[in-house]
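Please look over the sequence and the model shown here before reading on. The paragraphs that follow go from a single residue to the chain as a whole, and then to its pocket and its core.

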Amino acid sequence: EDRLGAKTVLMGSIVLLLSGSVLAVFAPTVTVFVAAATLVGVGMGPNQASSRTMLARFVPAARSSEFYGLYALSGKATVWLGPLLFWIVREATAGHEHSQRFAFLPIVGMFVLGGVLLMGVNERRGIEFARTIS
């Protein structure tokens, strides 16, 4: 992360999460599904760690408690969204042999949205801004 930057690591982790999720939707065998789950597992750690690092670099030192509190609150406030969307799609497609697979599609969409939003982040500018405020 020190060499590549938090944004690059985050984008790489989103690619892993997205790849694993798409692979899970279309997995023809249990072995392929396990490979998909492995990709998701490998992508989760860097995603969590790099998002915290990026926040630390973007936040003025004097206001870090506020920002980390908001970060924690936003996670707790939205943790239900993925499972809810999964359930809604699964219920809407109930009776179809692939309803569980279809239910992964909103998760895929959330990863795509996260990647698109991340593309708009200027890491260097965020770090410089935080330094000018401190």
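In which helix does Phe67 lie? In this predicted model, Phe67 belongs to helix H3. Its relative accessible area is 31%, and Phe67 therefore counts as partly exposed, a class that falls between the limit of under 20% for buried residues and that of over 50% for exposed ones. When residues up to four places away in sequence are not counted, Phe67 touches Leu55, Val59 and Pro60. Between Phe67 and Arg57, which are 10 residues apart in sequence, the distance from C-alpha to C-alpha is 11 Å.

The wider setting is that of a protein chain with 7 helices and 0 strands, which reads along the sequence as α-α-α-α-α-α-α. The C-alpha trace of this chain spans about 55 × 30 × 20 Å along its principal axes, and of its 134 residues, 25% are buried. If one takes the contacts between residues at least 6 apart in sequence, 66% of them join residues at least 24 apart.

We can turn next to the largest pocket, which holds about 1400 Å³ of space. Its lining consists of 34 residues, and those nearest the centre of the pocket are Asn47, Ser51, Tyr71, Gly75 and Thr78. At least two lining residues come from each of helix H1 (6-26), helix H2 (30-58), helix H3 (64-78), helix H4 (81-92) and helix H6 (105-119). By residue class, the lining is made up of 24 nonpolar, 8 polar and 2 charged residues.

Ser51, one of the residues nearest the centre of that pocket, is found in helix H2. Is Ser51 buried or exposed? Ser51 counts as buried because its relative accessible area is 17%, and the cut-off for a buried residue is under 20%. A polar atom of the Ser51 side chain lies 3.1 Å from the backbone oxygen of Asn47. Leaving out residues up to four places away in sequence, Ser51 touches Leu10, Pro46 and Tyr71.

Leu10 also appears in the largest nonpolar core, whose 5 residues are Ala6, Leu10, Ile14, Met54 and Leu118. Helix H1 gives the most to this core, with 3 residues. For Ala6, the contacts beyond its neighbours within four places in sequence are with Glu1, Ser50, Met54, Arg57 and Glu123, and Met54, one of these partners, is itself a residue of the core.

Technical notes. Residues numbered from 1 in each chain as written. Predicted model: local features only at pLDDT ≥ 70, side-chain atom pairs only at ≥ 80, totals over all residues. Heavy atoms only, no water. 1 Å grid on protein atoms, 1.4 Å probe; cavity = no way out; pocket = protein on both sides within 12 Å on 5 of 7 lines; lining within 4 Å. Points joined across faces, edges and corners; volume = space filled by probe spheres on them. Helix = DSSP H or I, 4+ residues; strand = E, 2+ residues; numbered from the N terminus. Nonpolar A, V, L, I, M, F, W, Y, C, P; charged D, E, K, R; others polar. Core = buried A, V, L, I, M, F, W, Y, C linked by side-chain atoms within 4.5 Å. Buried < 20%, exposed > 50% of the residue type's maximum accessible area, 1.4 Å probe, protein only. Contact = heavy atoms within 4.5 Å. Polar contact = N/O pair within 3.5 Å; in protein donor to acceptor, adjacent residues only side chain to side chain.
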